[in-house]
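The exercises that follow are meant to be worked through with the sequence and the model side by side. Try each task before reading its solution.

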Amino acid sequence: MAKIHQALWFRFLLLTILSSMAWAQLPVTDDTYVSSAAPTTNNGNSPSLVVQKSSNGTTLIKLDLSQLTAAGVSSTAVSKQR
């Protein structure tokens with residue numbers, strides 16, 4: 001009985017930790033990619049998103065940062081990476 005109790009407690013703890021991590025994610029509002037093979041093609045409506053280390057394409061992801069500003073994070077504390 002003690003092993004069952006311990007296993008249930010561990011699962012509860014793991015679920016609690018993982019669910020709190022999911023709340024910390026920022027939602028993606030828009031995404032697309034640009035390929036040098038078709039540089040004028042709008043891939044924003046594509047059901048897939050190409051993300052790879054390559055010199056012939058670029059992946060663009062727009063995040064909703066309103067949750068950060070609501071939490072008191074100033075715009076000067078946010079930077080973009082390329």
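**Exercise 1: The overall layout**

From the N terminus on, the elements of the protein chain run in the order α-β-β-α. The model is a predicted one, and the task is to describe the chain as a whole by its elements, its burial and its contacts.

Solution. Begin by counting the elements, which come to two helices and two strands. Next, turn to burial: of the 82 residues in the protein chain, 4% are buried. The surface can then be described, since the chain exposes about 7400 Å², and carbon and sulfur atoms supply 61% of that area. Finally, consider the contacts between residues at least 6 apart in sequence, of which 55% join residues at least 24 apart.

**Exercise 2: Thr32 and its surroundings**

Decide whether Thr32 is buried or exposed, and list the residues with which Thr32 is in contact beyond its neighbours within four places in sequence.

Solution. First locate the residue, which is found in strand E1, residues 28-35. The relative accessibility of Thr32 is 18%, and buried means under 20%, so Thr32 counts as buried. With the neighbours within four places in sequence left aside, Thr32 is in contact with Asn42, Asn43, Gly44, Leu49, Thr58, Thr59 and Leu60. For one of these residues an atomic detail can be added, because a polar atom of the side chain of Thr32 lies 3.1 Å from the backbone nitrogen of Gly44, and a polar contact is a pair of N or O atoms within 3.5 Å.

**Exercise 3: Gly44 in its loop**

Find where Gly44 is placed, and state which residues Gly44 touches when those up to four places away in sequence are not counted.

Solution. Gly44 has its place in the loop between E1 and strand E2, the latter covering 57-63. Its relative accessible area is 32%, so Gly44 is partly exposed. Not counting residues up to four places away in sequence, Gly44 touches Asp31 and Thr32. As a last step, take Leu60, which is 16 residues from Gly44 along the chain: the C-alpha atoms of the two are separated by 9.5 Å.

**Exercise 4: A nonpolar patch**

Name the residues that form a nonpolar patch on the surface, and then examine Val78 on its own.

Solution. The patch is formed by Val28, Leu49, Val51, Ile61, Leu63, Leu65 and Val78, which together have about 550 Å² of accessible area. Val78 is found in the segment after helix H2, which covers 66-70. With a relative accessible area of 35%, Val78 is partly exposed.

Terms used. Residues are numbered from 1 along each chain as its sequence is written. This is a predicted model: local features need pLDDT of at least 70, side-chain atom pairs count only at pLDDT 80 or more; totals for chains, interfaces and linings use all residues. Side-chain values use heavy atoms; hydrogens and water are left out. Helices (H or I, at least four residues) and strands (E, at least two) are DSSP runs, numbered from the N terminus. Buried means under 20% relative accessible area, exposed over 50%, partly exposed in between (1.4 Å probe, protein chains only). Contact means heavy atoms within 4.5 Å. Accessible areas come from the Shrake-Rupley method with a 1.4 Å probe; for residues, only the protein chains shown count as cover. A polar contact is a pair of N or O atoms within 3.5 Å; within protein, one must be able to donate a hydrogen and the other to accept it, and residues adjacent in sequence count only if both atoms are side-chain atoms. Patches are made of residues with over 30% relative accessible area and no salt bridge: like charges are joined within 9 Å, nonpolar side chains (Val, Leu, Ile, Met, Phe, Trp, Tyr) within 5 Å. A salt bridge is a side-chain nitrogen of Lys or Arg within 4 Å of a carboxyl oxygen of Asp or Glu.
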